[in-house]
Every structure is written in C-alpha cells, then in structure tokens.
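I set out to record the overall make-up of this protein, one helix pair and one loop residue. The entries follow the order in which I looked them up.

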Amino acid sequence: MRLSELEVKAWRHFTVPSMGSTATIIIGDGPEPLVQWVTDELGRLEQCWSRFRPDSELSELNESDGRWFPMSADLALAVDRAMSLHWMTSGLFDPTMHDRIAELGYDRTFREIDADSTRSIPRGHPSRGPVGVEIDGNYIRLPAGAKLDLGGVGKGLAADLVADGLLERGATSACVSMGGDVRAAGVTPNARGWDIPVDDPIVAGRSFGTVPLRDAAIVTSTTRIRRWQRGGPTVHHLIDPRSGYSSDTGIEAAVVRAEQAWLAEGLAKAAVIAGEELGLRLLGAADVDGWLVRSDSSVVTTTDAPAFVPRSAS
C-alpha cells in the first residue's frame, strides 16, 4: 500500500548552488544529515563531470589526447547515458559539441559569458558525432582533439542520483530540481502527485499550468534562457549538430516527462533541434509525454500527453 501525505512527519526544503544553477531540494522525513549529504553529493558529481572546472574528471578526460582514460563509475555512467541518447535520437543529441559551443562563446559558466557583438560567428559544419570514441568497460579513448560535453545530461542524472539516494538513506519522499530538471521519488504531497509548474518560455510571467509528477521526471529545454550576442545575431546553447549553428526550427522549447531526468533532458533538447514533425515522432518512439512550444506560444503535444492543469485548479 502506498504511503500517504499524512505519514510524512516532516518536510525539509532547501537550495544548493550547483552546476551553474540552483538545485532546489524537498525531502520528506529522513535523518537531518541528509541535507549535508545532498550538498556533498552534488559537489562530488559536479567535480566529476563539469566542463567548466579545469580540475574535474571530465576536463582531465578531455585533455587525455587520444590515450586510454580510466573513468570513475559516475563518469562512466554519465558517458553511457550520453551515448545512449546520441543513438536514440539519431545523432540530434550530440555529446561531442564541446568545442563548437565554446567557439560560439559558451566557454565558461553562463553567468560569466562575454557577450561580444563584434566577434563574428565561426563558420559552422556538420558534426561527426562520437565517431572514433572507444569504450572498454570503465576505460574510454577519445580521438585526438575530441572533447565531450555532458551538459544537461549531467544535471538530469544528478537529479536522478540524488532523488534515489535520498530514499535509500531513509527519506520517504524526494523532489529534486536541478535548474529546472525535476525528478520526484517516493511519497507525493497529494493524490495527483507533485504539481510541477510549466512556464511559457515566450511570454514572461505567464504559466501554462502544472503537470502531475509521480516517481518520474519532467524537464524543460528552451532556446530562450541561455542566449547571448555573437557577431550581431543572438545565439543560444542548443546547437544543431547537422549545421553547427543554434537551432532555428520554430520550436522554442520542449517539455518532456519520462521515468528518468537524464532521459527527459536529452530527449527535450533533441526535440527542439528536430523541429515539430520530427520532434513529435522522436518523443513518440521513446514512449514519453512531450509538449512542444512554438514561437507564437502555441503548444503541440504527443498523442497521450495530458493537458496542462490550470494553476488555480492545481
């Protein structure tokens, strides 16, 4: 029998700066040391796969210059998830875009980006993807000069690992938001589940409503947040590996609900890059719920995705 809200004795709500954004954590029950465990765990995972920290394990891998590199279990897991998404999305999710996104100016945390309208955008070209990447157990070898960017998959995977870890350590409920990548596990605060708000990325201050979440994840990927100037035009962080430029498909955001946050994160990014028709097919083939937001704020959904619940009714 499922636990009810009445059986949650205490809720804890706190935030932690992590991975270039803010992690928001809600814990139902569990011992007091879990708050410190979350802080330590997020720091450990950031040290593992942040591309902005020169001393991170991922940065060491990216400087391995064609040599076999021994990965920790956490890095091996993140690389495996990224590679799985690459093949699942027919290359639209590409973990080898590290150098291209840096060329466009995203070579430091987003808060530190130098928006320079005088620098031109380097010429784009189709990505080769992870061609030549070799993996043997926990060992990996990148082609000389190749670098990985685990990006949003790292944030989504961190949400998954922290939510599951909290339940394993005695919490009855966990809701973890990593800069908008949300994963819920365990007891829910009401019969619907967690009421997760979804904001319109086009119209500031407007909410589409909420989506119920129970033992699952929901992620929004949008072209409207991480944007900056480069050579006059505005660019954003969702790079189309088919062209090497920021995506421009008429889809400004994708909201995806899936069992795991790493999966929802990768599929949401790929759906924005794919555009409406291909994006819906991609999400349908993955058997997840998806909402694609067009440039005029209208929304198109996968077949079984529920309607947003108005905030006043949630």
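The notes below begin with the whole chain and then turn to local detail.

Entry 1, overall make-up. I note at the outset that the model is predicted. I looked up the secondary structure and found seven helices and 17 strands. The protein has 314 residues, of which 51% are buried. I then took the accessible surface, which comes to about 14,100 Å²; carbon and sulfur atoms account for 51% of that area. For contacts between residues at least 6 apart in sequence, I recorded that 63% join residues at least 24 apart.

Entry 2, a helix pair. I turned to helix H1 (residues 34–49) and helix H3 (residues 73–88), whose axes lie 9 Å apart and meet at an angle of about 65°. H1 is therefore roughly perpendicular to H3, given that the class runs from 65 to 115 degrees. I entered the crossing of the two helices as right-handed. From H1, the residues in contact are Arg44, Leu45, Cys48 and Trp49, and they meet Asp74, Leu75 and Ala78 of H3. Sorted by class, this contact has five nonpolar and two charged residues, with no polar ones.

Entry 3, a loop residue. I located Ala286 in the loop that runs between helix H7 (276–285) and strand E16 (289–294). Is Ala286 buried or partly exposed? Its relative accessible area is 24%, so I entered Ala286 as partly exposed, the limit for buried being under 20%. I also looked up its separation from Leu267: the two are 19 residues apart in sequence, and their C-alpha atoms are 8.4 Å apart in space.

Note on methods. Residues are numbered from 1 along each chain as its sequence is written. This is a predicted model: local features need pLDDT of at least 70, side-chain atom pairs count only at pLDDT 80 or more; totals for chains, interfaces and linings use all residues. Side-chain values use heavy atoms; hydrogens and water are left out. Helices (H or I, at least four residues) and strands (E, at least two) are DSSP runs, numbered from the N terminus. Buried means under 20% relative accessible area, exposed over 50%, partly exposed in between (1.4 Å probe, protein chains only). Contact means heavy atoms within 4.5 Å. Accessible areas come from the Shrake-Rupley method with a 1.4 Å probe; for residues, only the protein chains shown count as cover. Axes are lines fitted to C-alpha atoms, for helices over the stretch in contact, and angles run from 0 to 180 degrees between N-to-C directions. Angles under 35 degrees count as roughly parallel, over 145 as roughly antiparallel, 65 to 115 as roughly perpendicular and the rest as oblique. A crossing is left-handed if the near helix is turned anticlockwise from the far one by less than a right angle, and right-handed if clockwise. Ala, Val, Leu, Ile, Met, Phe, Trp, Tyr, Cys and Pro count as nonpolar, Asp, Glu, Lys and Arg as charged, and the others, Gly among them, as polar.
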